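Please look over the sequence and the model shown below before reading on. The paragraphs that follow go from the chain as a whole to a few of its residues.

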Amino acid sequence: MIDRQRITIEPGKRGGKPCIRHMRITVYDVLDFLASGLTIEQVLEEYPELERKDVLACLAFAADREHRVANLCVA
């Protein structure tokens, strides 16, 4: 489930991409760091304004997106 308090989408910010708590840090920025091999702790060091729950919300967002895409392919 997506935490709408942590993952926000605003049309005028970062091209409408999903961001974290109205900041200019996108979900994709965080996911890209994780995919490149950084740990959650290293991401938090890179972005000290983030909280662990923010990073977990990014992972939940990605899982939700994947689930929706998989369901579209089956239908």
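A residue is called buried when its relative accessible area is under 20%, exposed when that area is over 50%, and partly exposed in between. With His22, the relative accessibility is 49%, so this residue counts as partly exposed. The structure in view is a predicted model, and what follows should be read with that in mind.

The chain as a whole comes first. Three helices and two strands make up its elements, and from the N terminus on they follow one another in the order β-β-α-α-α. The chain has 75 residues, of which 32% count as buried, while its accessible surface comes to about 5000 Å², with 55% of that surface belonging to carbon and sulfur atoms. If one takes the contacts between residues at least 6 apart in sequence, 36% of them join residues that are at least 24 apart.

From here the path leads to the strands. Thr8 lies in strand E1, which covers residues 7–8, and with a relative accessible area of 8% it is buried, because that value is under 20%. Although Thr8 and Cys19 are eleven residues apart along the chain, their C-alpha atoms are separated by 5.2 Å. Cys19 is also one of the residues in contact with Thr8 once neighbours within four places in sequence are left aside, and the others are Lys17, Pro18, Ile20, Arg21 and His22. With the last of these there is a polar link as well, since the side chain of Thr8 reaches the backbone nitrogen of His22 at 3.0 Å.

His22 itself is found in the loop between E2 and H1, and Arg21 lies in that loop too. What is the sign of phi in Arg21? The phi of Arg21 is positive, at about 45°, although this residue is not a glycine, and His22, likewise a residue other than glycine, has a positive phi near 65°. Arg21 has a relative accessible area of 28%, and it is therefore partly exposed, as this value falls between 20% and 50%.

Further along, Thr26 is found in the loop between strand E2 (19–20) and helix H1 (27–35). Is Thr26 buried or exposed? Its relative accessible area is 1%, so Thr26 is buried. The side chain of Thr26 reaches the backbone nitrogen of Asp29 at 2.9 Å, and, leaving aside neighbours within four places in sequence, Thr26 is in contact with Arg14, Lys17, Pro18, Cys19 and Ile20. Lys17, Pro18, Cys19 and Ile20 are thus in contact with Thr26 and also with Thr8.

The last stop concerns the aromatic rings. When rings of Phe, Tyr and Trp are paired if their centres lie within 6.5 Å, the count comes to one aromatic pair. The rings of Phe33 and Tyr47 have their centres 5.7 Å apart and their planes at 70°, and because planes over 60 degrees apart count as edge-to-face, the pair is of that kind. This pair links distant parts of the chain, with Phe33 in helix H1 and Tyr47 in the loop between helix H2 (40–46) and helix H3 (52–74), 14 residues apart. The two partners fall on either side of the cut-off of 20% for buried residues, because Phe33, at 22% relative accessibility, counts as partly exposed, whereas Tyr47, at 19%, counts as buried.

Technical notes: Residues numbered from 1 in each chain as written. Predicted model: local features only at pLDDT ≥ 70, side-chain atom pairs only at ≥ 80, totals over all residues. Heavy atoms only, no water. Helix = DSSP H or I, 4+ residues; strand = E, 2+ residues; numbered from the N terminus. Buried < 20%, exposed > 50% of the residue type's maximum accessible area, 1.4 Å probe, protein only. Polar contact = N/O pair within 3.5 Å; in protein donor to acceptor, adjacent residues only side chain to side chain. Contact = heavy atoms within 4.5 Å. Areas by Shrake-Rupley, 256 points an atom, 1.4 Å probe, with all protein chains shown as cover. Phe/Tyr/Trp six-rings, centres within 6.5 Å; stacked < 30°, edge-to-face > 60°.
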